[in-house]
Each structure stands twice: as structure tokens, then as C-alpha cells.
Amino acid sequence: MTALRLACLMCDTPMPSIKAVHGDYRQIFETLLTLSLTPINASRSNQAQVTFTLDGYDVVTEMAYPPDEEVYDGLLISCAMAAVYDDMVWINKLVAYVRRIADEKPKMKIFGTCFGHQIIAKALGGSCTPNDGLWEVGVTTIQLSALGKAIFGTDELDLQQMHRDHVPISPPNSYLIGSTDITLNHGMVMFHPWSAPSPEVLNSSEPDVPLSSIHVFTLQGHPEFTESIMSKLIDARAHVMGDEVATAGRLLASGIVGKHRSDGQPCDGVGTVGKVMWGVLGVA
């Protein structure tokens, strides 16, 4: 039996209609991780089952963080309505925390989605800016790099999106895993010097990279979002994104027409990304 301890830095509170059904962002990530772990455990013996706990920390109103003496296997950073480039006390504290933890706790894996992806980029030497007013909303196909293809085991990835900011400059020593025509950096990974595959491997056309060697794993999209969550968000933000973007996003919230998955999900969040997250945590 393997028991992992994870922490979730909650950078926002879901609006009431989402929270009433799906819970807070700790619970939303817990659902993603539970669903993606189920088939992994089904293939393992009773003695090799994996369990986990996910503790939540409100970094906005409480500015709460995991105590340094606590040992966590992984840290998840949630999405937020706020912008990474806003000069706010809680955001500045979060950037400083991520920068410090990445250096001081190298054994703890760091994950970020959307705002979390952007915060990690800023904390580790990259940047985040508005993307010229361009939105990506609903399930969107990401073209994967050679490294991304090796990590996910597929040529492209479909994920829920809800953003108009992006990471134009990636941190030093980070590697892109996918892009769209609108957003260059749709995700990245980073390695520690002692775990990183050689440059020859990373830059090859078919890199062989053990998932457990990854230290930082981020995505601009939302593997944790369901169709229900996305639809509610689009309805709430339609006045900001405009009718055309909102209408297209509503259609894409349920998935891309003609694409079907064996798990019945509208995107690759559970079956592909969730599985990779467990692989990064050392659970094959």
C-alpha cells in the first residue's frame, strides 16, 4: 500500500452554483485525481494499492500555506479569476512561496493549471501577460511537442480552456509540451539537474523521459474542469468575453464534435492528464 500526501493551494473560491455541486478547488482536484487513480489501482494487486490525501490551503483570504515541517509528495496550484500580473499582496506572496519551495523542497512535485501554470512561470523566471484580447474557451485541441507526445502518449491533447492571459516567456530550463495557434505555451515541464534526461534525449524526435523525473508540470488548460463547471463559468463570464466567444465556448464545453473517449469524458483531463500526474508522482 502506498499513501501519498498532497497539498492544494486554493487561489480562488468557485462561484456558488459551482461550489454547491462540485465543491471548492481542493474537492475539484480531488475528484480528478480519484477518477484517474481508479483504473491505475484496478491494474494493481491489493498490496500495491495507492491512496492519497489532499489538504487545502486558502492562499487568498487566509493567506495560509503548508507548514514547512509538513512533508508533501506534491503541490497543486489552482486556477483563479485574478491575473498573475496584478500587484496584490496575496499574489506576490504566492510567487515568492513557489520560488522558494521549488528550490528548498526538490522532492515535492509541483503542478499548476491555468493561473497556477502562469504563477509557476512567473515565480521561476518567466512572464505572464494579456494575450491581445484573445480567448480560448471550452475544449480545445493542443498540438504537442515531441516531448509532449512522449509524456502523454498521443499526438494531441484536448482540454477545457478558460483564459485570455498567457506565458509569452517561459522560465529558464523549462520545456514546452504543447501549443495552439493562439497560445504558444500550453504547458511545460522542468527537471532537477540530477533527474533531467540529457539534452540529446530531450531534443530528440522521440524522447524517452521517465515521468517520475519531472519536477514541475503545468498546463494552461483545465484537466480538472467538467462540462458542468465550464458551462456555468461561460454563462457567468459571457458579458466579459462577448457573445461570439461565449456561444462557441458553450458548444465546446461538451467536447469536440466527432471525438469520443472510452471514459465518456468530454476531454483528456481524467484519462490522459490525470494518469500523467500520477506518473509524475511515481505511480505508474
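His163 counts as buried, at 4% relative accessibility. The model shown here is a predicted one. His163 makes a good starting point for a walk through it. The residue is found in strand E7. Its side chain has two polar partners to look at. One is the side chain of Gln161, joined to the side chain of His163 by a polar contact of 3.5 Å. The other is a piece of backbone: the side chain of His163 reaches the backbone oxygen of Asp165 at 3.0 Å. Now look further along the chain. Not counting residues up to four places away in sequence, His163 touches Cys114, Leu134, Trp135, Glu136, Thr183, His186 and Gln220.

Stay in strand E7, which covers residues 156-163. Gln160 lies in this strand. Is Gln160 buried or exposed? Gln160 counts as buried, because its relative accessibility is 0%, and buried means under 20%. What do the polar atoms of its side chain find there? A polar atom of the Gln160 side chain lies 2.8 Å from the backbone oxygen of Ala253. On the nitrogen side of the backbone, Val139 takes part: its backbone nitrogen lies 3.4 Å from a polar atom of the Gln160 side chain. Both Val139 and Ala253 also appear among the residues that Gln160 touches, leaving out those up to four places away in sequence. Others in that list include Gly138, Gly221, His222, Phe225, Met230, Pro266 and Cys267.

Next, move to strand E12, residues 214-219. Leu219 has its place in this strand. Leu219 is buried, with a relative accessible area of 3%. Which residues does Leu219 contact, leaving aside its neighbours within four places in sequence? They are Gly112, Thr113, Cys114, His117, Phe152, Leu159, Ile177, His186, Gly187 and Val273. Two of these names have come up before: Cys114 and His186 are also touched by His163. Ala82 gives a sense of scale. Leu219 and Ala82 are 137 residues apart along the chain, and their C-alpha atoms are separated by 17 Å.

Phe152 leads on to the nonpolar interior. Leaving aside neighbours within four places in sequence, Phe152 is in contact with Leu144, Leu157, Ile177, Phe217, Leu219, Thr272, Val273 and Val276. The largest nonpolar core has 56 residues. Within this core, Ile151, Phe152, Phe217 and Trp278 touch the most other members. Which helix gives the most to this core? Helix H2, residues 25-42, does so, with seven residues. A second core stands separate, with 32 residues. Its members include Leu75, Val98, Ala123 and Met188.

Aromatic rings come next. A pair of aromatic rings is described by the distance of the centres and the angle of the planes. The count here comes to seven aromatic pairs. Take Phe52 and Trp278. Their rings are edge-to-face, at 5.3 Å centre to centre and with 65° between the planes. This pair links distant parts of the chain, 226 residues apart. Phe52 sits in strand E2 (residues 50-58), and Trp278 in helix H9 (residues 269-280). Phe52 counts as buried at 16% relative accessibility. Trp278 counts as buried too, at 0%.

Tyr65 and Tyr97 make a tilted pair, at 4.5 Å centre to centre and with 45° between the planes. Here too, the pair links distant parts of the chain. Tyr65 is in the loop between E2 and strand E3 (74-77), while Tyr97 is in helix H3 (residues 89-104), 32 residues apart. Both tyrosines, Tyr65 and Tyr97, are buried. Elsewhere, Phe111, Phe152 and Phe217 form one aromatic cluster. A charged residue also meets a ring: Arg5 lies over the face of Tyr72, at 4.5 Å from the ring centre.

Finish with the cysteines. How many disulfides does a search of the whole structure find? The search finds zero. Cys11 is in no disulfide, and the nearest cysteine sulfur, that of Cys8, is 7.7 Å away. Cys11 is buried, with a relative accessible area of 2%. Why is Cys128 not bonded to Cys114? The sulfur of Cys114 is the closest cysteine sulfur to that of Cys128, but the two are 8.9 Å apart, so they are too far for a bond. A disulfide needs the two sulfur atoms within 2.5 Å. Cys128 counts as buried as well, at 8% relative accessibility.

Terms used: Residues are numbered from 1 along each chain as its sequence is written. This is a predicted model: local features need pLDDT of at least 70, side-chain atom pairs count only at pLDDT 80 or more; totals for chains, interfaces and linings use all residues. Side-chain values use heavy atoms; hydrogens and water are left out. Buried means under 20% relative accessible area, exposed over 50%, partly exposed in between (1.4 Å probe, protein chains only). Helices (H or I, at least four residues) and strands (E, at least two) are DSSP runs, numbered from the N terminus. A polar contact is a pair of N or O atoms within 3.5 Å; within protein, one must be able to donate a hydrogen and the other to accept it, and residues adjacent in sequence count only if both atoms are side-chain atoms. Contact means heavy atoms within 4.5 Å. A nonpolar core is a set of buried Ala, Val, Leu, Ile, Met, Phe, Trp, Tyr and Cys residues joined through side-chain atoms within 4.5 Å. Rings of Phe, Tyr and Trp (its six-membered ring) pair if their centres lie within 6.5 Å; planes under 30 degrees apart count as stacked, over 60 as edge-to-face and the rest as tilted. A charge sits over a ring if NZ of Lys or CZ of Arg is within 6 Å of the ring centre and within 35 degrees of the ring normal.
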